[in-house]
Amino acid sequence: MLDILTDLSFEDLPPTWQDHNLEIFSHNKRLWDYQQEALQYALKALWKYYEDFRDFVPGEPEEANEERKERLWGWYRSNGLEKDLDIPLNGLLEDYYPSQNGSVPYRHFINRMGFWMATGSGKSLVLIKLIEVLWRLMRRGEIPQHPVMVLTARDDLLDQLKAHVAEFNEGRTDFRIQLEDLKAYPERLRTFLPLVSDHDITVFFYRADNLSDEQKERIVDFRNYENGGRWYVLLDEAHKGDKEDSKRQHIYSILSRNGFLFNFSATFTDQRDILTTVYNFNLSEFVRAGYGKHIAILKQENRAFGDKEDYTGAEKQRIVFKALLMLAYARKAQESLPQNPRAYHRPLMLTLVNSVNTQDADLKRFFRELERIARGDVDETVWAQAREELWAELAEGPEWMFENERFRADQALFEGITLEELRRLVYNAPTPGDIEVLLRPSNRQEMAFKLKSADQPFALIKIGDISNWLKEELEGYEVIEGYEDEGFFRRLNEEDSPINILMGSRTFYEGWDSNRPNVITYINIGTGTEAKKFILQSVGRGVRIEPLPGYRRRLLSLYNAGLVDEDTYLALRNQAPALETLFIFGTNRNALQTVIEQLDQEKRREAEHELALTVNEEAVAGRLLLIPVYRKAGHTILEERKPRRFEVAPEELEQLRQYVAYLDDPRLMLCHHQATPKDIALLTRCLERPEDYFNTSDGRRYGHIDLLLSRLFAYFRVIPQEMGGLKSLEDEICHFRHIKVFLEDITALGAKITRVNEAPRRLAELQVRYEAGQLSFDEMVRQVQAVRDNEFFTHNGQTLHIKRVAHHYYVPVLISESERIDWIRHVIRHPSEVDFLNALEAYLKENNNAFKQLDWWAFSKIDETLDEVYIPYYDPQSNRIRQFFPDFIFWLKKGENYAIVFVDPKGTQHTSYQYKVDGYRTLFWDEARKPKIYSYKETHQRYQVSVHLFLYTEDSAKAPEDYREHWIDRNSIGTIAKVVLEQAP
C-alpha cells in the first residue's frame, strides 16, 4: 500500500482530513517528522477508503463496506499485485465470510494497514495518536463511529500502553482517551453511555493471545464482543505466532471485517502484512534516515565461547580484549569531546548470552575472562595480537549496514589505548584488582561488580535470579550489600552511572530504552525464530541516539536541518562516527548479518536490489559545492515584515467576522475553541486588517466554523525557517547510492552501468596505446566506436537510458523513457525533467553557450525522498512550513563570484509554485528584489555567493507577470549561467 499511496499528496486531501495537529503528543513530547508522516499515510489510506472509493454516509447499508473492499482490492490489482493471497477456509472463517473454491478471497481481508516501524522508533506513540485521529474523523462524520480495541502481545506492553495514555491525557481538556478492559464492553453497552463523545473516547484493551473461540478465566470468547465486525482494531506486536496463533489472526480480522485493522510491528515477515504496509520505517529505514546509530558487524567471531568448541583460554581472552578495546575506543572518543555543550552519552557494552545458570553457562565463561583481565592475569602476546587484529579491521573500514559507507577510525586515538588506559576506561580502576560484588537485598535480579582498586563499579549483571550465581559462581567473593538506595539498572541512563558493561540474557531487553550501547557482543545466540526476534529487538534497542539533549538524530542530520549551529557541529563531528556506531560481535558473523539484512528486504516485490552510482570526480574533484542551511526563526509568520497570508473564501471570512461579533465575549471563544488569550488577540488584529493577513482571491472553503478557527489558530503558531548560512556539500545528496531495482537479476543492468562509467578510462587507454604505436589508426577508430558512453536497458517494455553527463555530480545518469516505470526507483523519470535535461545538453553543444565563460560548473539531480537540499516555504494549503525540493541544483563559479541555482521543471498551470517562489524570495531576496550576496571563505579564497531559483517550462512567455523572471524555457536556458556572469562584484 505504501507504493500506491506515495503519489497521493497529503496536502491535496480535503481540509477535514488534513486538519489534525499531528505533532503534539503531550505537554512535553512532540512526534518526530517520520511519526507524523506515518499518520499522514494512515489518513491518506482512510480517505481513499472512506471517501474516494465510496463516501461514507451515516446509516449506510452494509453493502457499502463490501464495495469499498472490492475497490481497494481492485486498486491493488491495477498497481501490479498478482499474488494469490486467498486464505484456506476453516470452521471459524466460514461463519463470517463467503467462500470460493474452498478458500476465502483475500479481498475480504483487505481493509487493513500496517506500520512497519523499528524498535525504538516510537510506534506506540503513533498508535495512541492514531486513536485521536480516528476520534476526530468520527466526530466529523468522515468515518463510522465504531468502538476502538487495542490488542497487544504481553502484559509489559499493556503497562506501557497505560503509561503512554496517562502521559497523553495529562493536562488536556479538549480530548482524553479512557482505557477500559475488554471484559467491561458488554456492561458498557447496557449503560447506553456513548463510547465516542465531544471530548473523549473509550478504548478497550486486552492481551491479544487471550482472545479465542472459548471462554475461560482469562481467555475470552471473541463472539461475546464481536459487534457485527464493526471495530477499529489496533494490534501492537500482536501479529506473530505459531499455527495456534493463526486462528487469532482470523479473529482479529473477523472483529474488524466491517471496520478497519491497524497492525503495528518492528518485524513483519508475512507477505500479507508486508503487502498492506502503509508506512515503512523499519530498522534499515530508521538508520538510513539518521535516527539511529550506524551498524557495523565486525569480523571477529565469538566461537571460542561455543558450547562444542574447544579453544584455549588465550583465545577467549583475545576475543574479550577486542570487545573491551572497541568499548574503550568509544569511551575515549566521548572523553575527548568538549564539555560544553554536553554531548552524547557514556558508551556501554552490552553482552547478551544464551545461558546464564547452567554449569558452564555462556555468561559465566565471559565473566571469568573479564575477571582475569581485571586481576592483571594478561598474556602480553594475546593483548598485542588483539590490538593488531582489531586495528587491521578498523583500518580497512568496517562497512555500515544499509548505507554503502564505512566507519573510519582515528588511528592516534586507538593507539593511545594502552593496557592501563583500558583498565581506566573499562574497569574504572587505576591498577589491577580483585572483583567484589555489590548487592541490594531487595533486588534479586541484578548485581554489580567493582575492583577493590576502584571507587566505582564497572559492570552489571541483570538476569532472572542471581541466587544460583551467589551460591556457586561467586562463592568466596567479597559481597557488599545495601550499596545503593536504588538499582544500578534503573540508573543506567543517568549521567553519573559508572557502569560500562551490562551483561544478561533475553529477560531484560524488553522495554529498555537507552542511548548508551556502542558495543553489543552476542554469545551463542543462534538463528532460530526466537533468536532472530531477539537479535532484531536488541539491535533496535542499541541503535538509539541523542547527540545533544532532546535531539534524537545523528549529528550531520541535525546540522543539515539547521538544528545545530556550525561551531557545535565542528566541535563534535570528528568523534561523532565512533559514538554514532553500534559495533556488533557475534558467535557467527554471517548468521548475524543475514538476520539483520532481512530487515532490508521489504519484499513488496519478488526481488529487490540496491545499486550505488559513483561521484563524478572528473566534474567535482577539488570543487567547492555549497548548499544553504536553515534554522527556525525566533518569530511566527504573523510577526514578519510582510506576513504570508491565510487562505479563506470571502464568504467564510465574513461568516467568521459575524461569528466573533455574535460571541462578543472572548471568554466564550476561550472555552468553546480551546483558544488562548494570545489567539484571541491575534484573531482580533487579523479581522481588523484582513487585507494584510487573509488571501480571499484563492480562498479555501472549510465548511465548518470550528474547523476554520482550528486552522486559523494553527496559522498563528507557524514558525518559519530563516537562512542559517552556507555549508559544503557532504551527504545531503545521497539518492544515487540507493538506486532501488526490483528485478530478479540485475547482472545485465549492472554491466551496462559499468561500461558507461568506464568509457573515459577506456578511451584514455586507447589514446595511450595509439600514441605508443601499439594500435593502428583504423584499429583505434574501430575500438573507440565500440566504447559506449550511452546504453539502454529495457524490461517489460520500459526503457532506461544510461548515460554519462559531463558536469553531473554523479555518474551515470539514469533516465527513464516512461514516467510510470515500476522496476527502478530514484531515477529521472518525469517528462518535464527529461525535457529539461535534453534542452540543457542541446544548449551546451552551441559554440557560444554561456557555460563556456565560467571557471567551472557542475549540477545534480535532487531526489525529494532521500536528499536534504531544499527551500523551506509556507504552504497555505497545508497551513505549515514545507520543504520544496527543486529537481536540479547548479553550482557556478566565475572569479570570486559563485552562484547556487535551483531549477525546477514544471508547467505554469501548477499554481502551488507561487508559494514556493514566495518562500525563495523571502529567504534569498533583498528589499530591492535582488538576490542577496553572501560572503563565504574557504582556506585562501573568499567567494561572493548568490542563490537563484528558475522554473523550467515549454514556453516561459505564458508565465504570470509577477513571477515571469523566474521562468525559463529551452530558448533561455543560458540564463542559468548568466546569473554568475552578471553578478555584481
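This note sets out numbered points on a predicted model, for a reader new to the structure.

1. Confidence. The protein chain has an average pLDDT of 86, and 92% of the residues score at least 70. Two stretches deserve caution. Over residues 241-245 pLDDT stays under 50, and the model has one contact beyond four places in sequence for that stretch. Residues 601-606 also stay under 50 in pLDDT, yet for these the model has 21 contacts beyond four places in sequence. Where pLDDT is low, the predicted coordinates should not be read in detail.

2. Helix 3. How do the ends of helix 3 compare with the span expected of its 21 residues? At 1.5 Å a residue the helix should span 30 Å, and its end C-alpha atoms lie 28 Å apart, which agrees. Helix 3 nevertheless has a kink of about 30 degrees, centred on W47. As to its surroundings, helix 3 is mostly covered, with 17 of its 21 residues buried.

3. Salt bridges overall. The structure holds 66 salt bridges. Among them is a network that links K129, E132, R136, R172 and D174. The next three points take up individual pairs.

4. E67 and R54. These two side chains meet in a salt bridge, with 2.7 Å from N to O. The pair links distant parts of the chain: E67 belongs to helix 4 (residues 63-78), while R54 sits in the loop between helix 3 (33-53) and helix 4, 13 residues apart. E67 has a relative accessibility of 30% and so counts as partly exposed. R54, at 29%, is likewise classed as partly exposed.

5. E70 and R107. Helix 4 also takes part in a second pair, in which E70 forms a salt bridge with R107; the closest N and O atoms are 2.9 Å apart. Because E70 lies in helix 4 and R107 in the loop between strand 4 (103-104) and strand 5 (112-117), the pair ties together parts that are 37 residues apart in sequence. E70 counts as partly exposed, at 41% relative accessibility. R107 also counts as partly exposed, with a value of 22%.

6. R218 and D155. A salt bridge joins the side chains of R218 and D155, at 3.8 Å from N to O. R218 is placed in the loop between strand 9 (211-212) and strand 10 (220-221), and D155 in helix 6 (residues 155-169), so this pair ties together parts that are 63 residues apart in sequence. With 47% relative accessibility, R218 is partly exposed. D155 is partly exposed as well, at 35%.

7. Cysteines. How many disulfides does the structure hold? The number is zero. Two cysteines may be described by their accessibility. C686 has a relative accessible area of 1% and is therefore buried. C734, at 11% relative accessibility, also counts as buried.

8. A561. This residue is found in the loop between helix 18 (555-560) and helix 19 (566-572). Its relative accessible area is 24%, so A561 is partly exposed. Which residues does A561 contact, leaving aside its neighbours within four places in sequence? They are Y630, Q721 and Y870. A561 may also be set beside G724: the two are 163 residues apart in sequence, and their C-alpha atoms are 9.8 Å apart in space.

9. E640. Is E640 buried or exposed? E640 counts as buried, at 17% relative accessibility, since the cut-off for a buried residue is under 20%. E640 lies in the loop between strand 27 (626-632) and strand 28 (646-647). Not counting residues up to four places away in sequence, E640 touches H635, P720 and T922.

10. E651. Helix 23 (residues 650-663) contains E651. E651 is partly exposed, its relative accessible area being 31%. The C-alpha atoms of E651 and G699 are 9.4 Å apart in space, whereas the two residues are 48 places apart in sequence.

How values were computed. Residues are numbered from 1 along each chain as its sequence is written. This is a predicted model: local features need pLDDT of at least 70, side-chain atom pairs count only at pLDDT 80 or more; totals for chains, interfaces and linings use all residues. Side-chain values use heavy atoms; hydrogens and water are left out. A salt bridge is a side-chain nitrogen of Lys or Arg within 4 Å of a carboxyl oxygen of Asp or Glu. Helices (H or I, at least four residues) and strands (E, at least two) are DSSP runs, numbered from the N terminus. Buried means under 20% relative accessible area, exposed over 50%, partly exposed in between (1.4 Å probe, protein chains only). The expected span of a helix is 1.5 Å times one less than its number of residues. The bend at a residue is the angle between axes fitted to the seven residues ending there and the seven starting there. pLDDT is the predictor's confidence in each residue, from 0 to 100. Contact means heavy atoms within 4.5 Å. A disulfide is a pair of cysteine sulfur atoms within 2.5 Å.
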